[in-house]
Protein chains: 4
Amino acid sequence: MTDELRLRTAFPVLRTITTRWQDEDVYGHVNNVVYYSYFDTAVNGFLIDATGTDIRRLDAVGLVAETRCEFLRELNFPGDVHAGLAVTRLGTSSVVYRIGLFQGDSDEPAAIGRFVHVYVDAQTRKVTPVPDTIRAALTPLATPSR
Amino acid sequence: MTDELRLRTAFPVLRTITTRWQDEDVYGHVNNVVYYSYFDTAVNGFLIDATGTDIRRLDAVGLVAETRCEFLRELNFPGDVHAGLAVTRLGTSSVVYRIGLFQGDSDEPAAIGRFVHVYVDAQTRKVTPVPDTIRAALTPLATPSR
Amino acid sequence: MTDELRLRTAFPVLRTITTRWQDEDVYGHVNNVVYYSYFDTAVNGFLIDATGTDIRRLDAVGLVAETRCEFLRELNFPGDVHAGLAVTRLGTSSVVYRIGLFQGDSDEPAAIGRFVHVYVDAQTRKVTPVPDTIRAALTPLATPSR
Amino acid sequence: MTDELRLRTAFPVLRTITTRWQDEDVYGHVNNVVYYSYFDTAVNGFLIDATGTDIRRLDAVGLVAETRCEFLRELNFPGDVHAGLAVTRLGTSSVVYRIGLFQGDSDEPAAIGRFVHVYVDAQTRKVTPVPDTIRAALTPLATPSR
C-alpha cells in the first residue's frame with residue numbers, strides 16, 4: 001500500500017466513534033483489541049445507514065473471514081475516533097475493506113486495518129452473493145488496492 | 001445482609017471464570033463494568049449447564065431487569081475469579097440472585113452483587129412464568145435473603 | 001425517586017455515546033453489562049472535559065464503590081445513546097450520581113443508574129477529600145435526590 | 001503455513017480461557033473482536049506465569065504492533081477455548097506469535113492468528129531488546145514458521 005492510501009483523505013467515508021473509559025488498558029492507551037471493535041462498528045454502521053436496512057434481517061449475512069491491524073500510534077480516551085472506510089475488493093460473495101483510524105486533527109492514521117466479509121445464506125450458512133442493496137451501497141467506496 | 005451471607009461458604013454454587021488482560025483498566029485492576037460480565041456469565045452458564053438446555057432457545061427468556069454491585073476489593077489479571085451464586089427469591093416470573101466474587105484463597109468477597117431476571121415470552125416479550133426446567137435447576141440454590 | 005426525576009429534562013448534563021455492533025448480544029439488544037460502560041464513560045468523560053484535567057493524574061482518584069441499574073427498555077445499535085448526569089450527593093470524599101440513558105427522541109429513560117465514586121489517595125489508596133477541581137465541576141450538577 | 005502447523009498438536013503451549021455470555025453477538029456466536037481478546041490474554045497470561053514476573057512492571061514492555069486473524073469456524077458460549085501459542089520469530093526487539101484457537105475435542109482450529117509484540121522502554125517508549133526473562137520464557141515455544 002502506498003503511503004497516500006493511508007491518509008485520511010484516501011477514505012471515501014469517515015465514521016465517528018466515541019471512545020470509552022474502559023477502552024484503555026493498564027498502559028493508558030486504547031487496548032489493541034478495541035481497534036477491531038471500531039472496525040466492526042464502522043463497517044456495519046455504514047451498511048445499516050447506507051442501505052436503510054437492518055442488515056441482520058437480510059437473507060444473506062456477512063461473516064467475518066479475516067481481519068488485520070497494523071498499530072501505528074496510540075489512541076486515547078476521551079477523544080473521538082474517526083474510522084475511514086474504503087473497499088479494495090467487491091467480489092461476488094466477499095468484500096474487502098481497508099480501514100484507517102484517526103484521532104484529533106492528524107491526517108496520519110493511528111491504525112490501518114483490513115476487514116473481510118464473506119456473505120452466507122442466513123439459514124444454511126452457505127456462501128452466497130453479496131446482496132444487491134449492499135453492493136449498491138459499497139460501489140462508491142471502491143478504490144484501487146495498490 | 002448479615003456478614004456471613006457474604007462469605008464464599010454461603011454460596012451453594014461456585015463458577016470459575018478466567019480473567020482477561022483487557023479486563024484491567026488504567027488503574028491496574030479489573031474495571032467495574034467487567035464485574036457485571038462475570039455476573040451475567042455465571043448466571044447464564046449455570047442455567048445452561050444445570051438444565052442441559054440452550055436457554056436462549058426456550059419459549060421464555062430471562063431479561064435482566066435490575067443489577068447492582070458493591071465493590072469491596074480489587075480483582076486482578078491473571079488470577080481466576082470464582083463467582084458464587086445463591087437465589088434469594090424464586091418468584092412466579094422473576095428470579096433474584098445474590099452473587100459473590102472471590103479471588104485467591106480468601107473467603108471474603110471482592111464484590112457482592114444482585115441480579116434480577118424477569119422471564120418474558122421469547123416472541124411477544126410479555127411477562128411469563130419462569131420455565132419449569134429453570135425453576136427445577138434453581139430450587140437447590142434458594143437461600144434466605146436476610 | 002419521583003417520576004419526573006427520570007426524564008431527560010431532569011439531567012443537567014447530557015453526554016452522547018455512540019453504540020457499537022459488539023454491544024448487542026444474542027437477543028439483539030444492547031447487553032446489560034454495556035449499560036455500565038456507558039455510565040463509566042459519561043462520568044469520567046464529563047469530569048475530564050469539565051475540569052480540563054486528566055483526572056487519572058490527580059493526587060486523588062475516584063474508585064467505584066457501588067453501581068446499580070434499573071433496565072426499563074431496550075437500547076439498540078446503531079443509534080446514539082444520550083447519558084444524562086445528575087449529582088444527588090456531593091460528600092466530603094464521595095460523589096453519588098444519578099444517570100439516565102436515553103435513545104432516540106423519547107424523554108423516557110431506557111435505564112436509570114446510580115454510580116458512587118469514593119476518592120482515595122492515588123498512592124496510599126486511603127480515603128481522601130474530593131479534589132477541589134472536581135468539586136467545582138460537579139457543583140452545577142447537584143440536584144435533589146427525592 | 002502448512003496444514004499440520006494449524007493443528008492443536010503443533011502448539012507447544014495451550015492456555016484455557018472461559019468464554020462469556022457477552023462474547024456472543026447477535027448472530028449467536030463469539031464476535032470476531034473477542035478472538036483478539038483471547039490472543040492478548042493467552043500471550044500475556046503465559047508471559048506472567050512463565051516468567052513469574054508482573055511483566056507490566058518491567059523496564060521494557062511489549063506493545064502490539066500488528067495482529068491478524070483468520071476465522072475458520074464458530075466459537076460458542078459456554079464452552080472453554082484453548083489458545084495454542086507458538087513463537088515463529090524471536091527477534092532482537094520483537095516477537096511474532098502464531099496462535100490457534102480450539103474448542104471442544106477438535107484438533108482443527110477455529111481460528112489462526114498472528115500477534116506481534118515490539119518491546120519498548122517503559123519510560124521513553126523507544127524500541128529496546130526483548131528482556132532476558134521474557135526471552136528465556138519464549139525460547140521453548142520457538143517453532144519453524146514454514
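## The shared sheet

Let's start with the ten-strand open sheet in this predicted model. Its strands pair antiparallel, and the order is β1(B)-β3(B)-β4(B)-β5(B)-β2(B)-β2(C)-β5(C)-β4(C)-β3(C)-β1(C). Which strands stand at the edges? They are β1 (13–18) of chain B and β1 (13–18) of chain C; each has a single partner strand, so one side of each is left without a neighbour in the sheet. On average, and with direction ignored, neighbouring strands here are turned by 30° against each other.

Zooming in on chain C, strand β3 (residues 80–90) and strand β4 (residues 94–103) run antiparallel and are joined by nine bridges. One residue pair to look for is Leu90(C) with Val95(C), its bridge partner in β4(C).

## Helices on the sheet

Helix α1 of chain B, residues 32–51, packs on this sheet. In its own chain it touches β1, β2 (60–71), β3 (80–90), β4 (94–103) and β5 (111–121). It also touches β2 (60–71) and β5 (111–121) of chain C, and its direction makes about 140° with that of β2(B).

Helix α1 of chain C (residues 32–51) lies across β1, β2, β3, β4 and β5 of chain C, together with β2 and β5 of chain B. Relative to β2(C), this helix runs at about 140°.

## How B and C are related

A 180° rotation with 0.0 Å of shift along its axis puts chain C on chain B, and the RMSD is 0.0 Å. Which residue of chain C comes closest to that rotation axis? That's Arg68(C), with its C-alpha at 2.1 Å. As for the contact surface, 100% of the interface residues of chain C are also interface residues in chain B, so the copies meet through the same surface.

## A buried threonine in chain B

Now for a single residue: Thr19(B) sits in the loop between β1 and α1 of chain B. Is Thr19(B) buried or exposed? Its relative accessibility is 2%, so it counts as buried.

A polar atom of the Thr19(B) side chain lies 2.7 Å from the backbone oxygen of Gly79(B), and the backbone oxygen of Pro78(B) is 3.5 Å from a polar atom of that side chain. Leaving aside neighbours within four places in sequence, Thr19(B) is in contact with Tyr38(B), Asn76(B), Phe77(B), Pro78(B), Gly79(B), Val81(B) and Gln103(B), and also with Arg20(D) and Thr41(D) from chain D.

## Chains A and D

Chain D can be laid on chain A by a turn of 180° and a shift of 0.0 Å along the axis, with an RMSD of 0.0 Å. That is the relation of a two-fold axis. Among the residues of chain D, Arg68(D) comes closest to the rotation axis, its C-alpha being 2.1 Å away. Here 100% of the interface residues of chain D are also interface residues in chain A, so these copies meet through the same surface.

## Helix α1 of chain D

Helix α1 of chain D (residues 32–51) has 20 residues and reaches 30 Å from first C-alpha to last, close to the 28 Å expected. The helix is mostly covered, with 18 of its 20 residues buried.

What caps the N-terminal end of α1(D)? Asn31(D) does, through a side-chain oxygen 2.9 Å from the backbone nitrogen of Val33(D). Just after α1(D), Gly52(D) takes a positive phi of about 65°.

Conventions: Residues numbered from 1 in each chain as written. Chains lettered and ligands numbered in written order. Predicted model: local features only at pLDDT ≥ 70, side-chain atom pairs only at ≥ 80, totals over all residues. Heavy atoms only, no water. Pairing = 2+ DSSP bridges. Helix = DSSP H or I, 4+ residues; strand = E, 2+ residues; numbered from the N terminus. Axes fitted to C-alpha atoms, helices over the stretch in contact; angles between N-to-C directions. Contact = heavy atoms within 4.5 Å. Buried < 20%, exposed > 50% of the residue type's maximum accessible area, 1.4 Å probe, protein only. Polar contact = N/O pair within 3.5 Å; in protein donor to acceptor, adjacent residues only side chain to side chain. Least-squares fit on C-alpha atoms with pLDDT ≥ 70 in both. Expected span 1.5 Å × (residues − 1).
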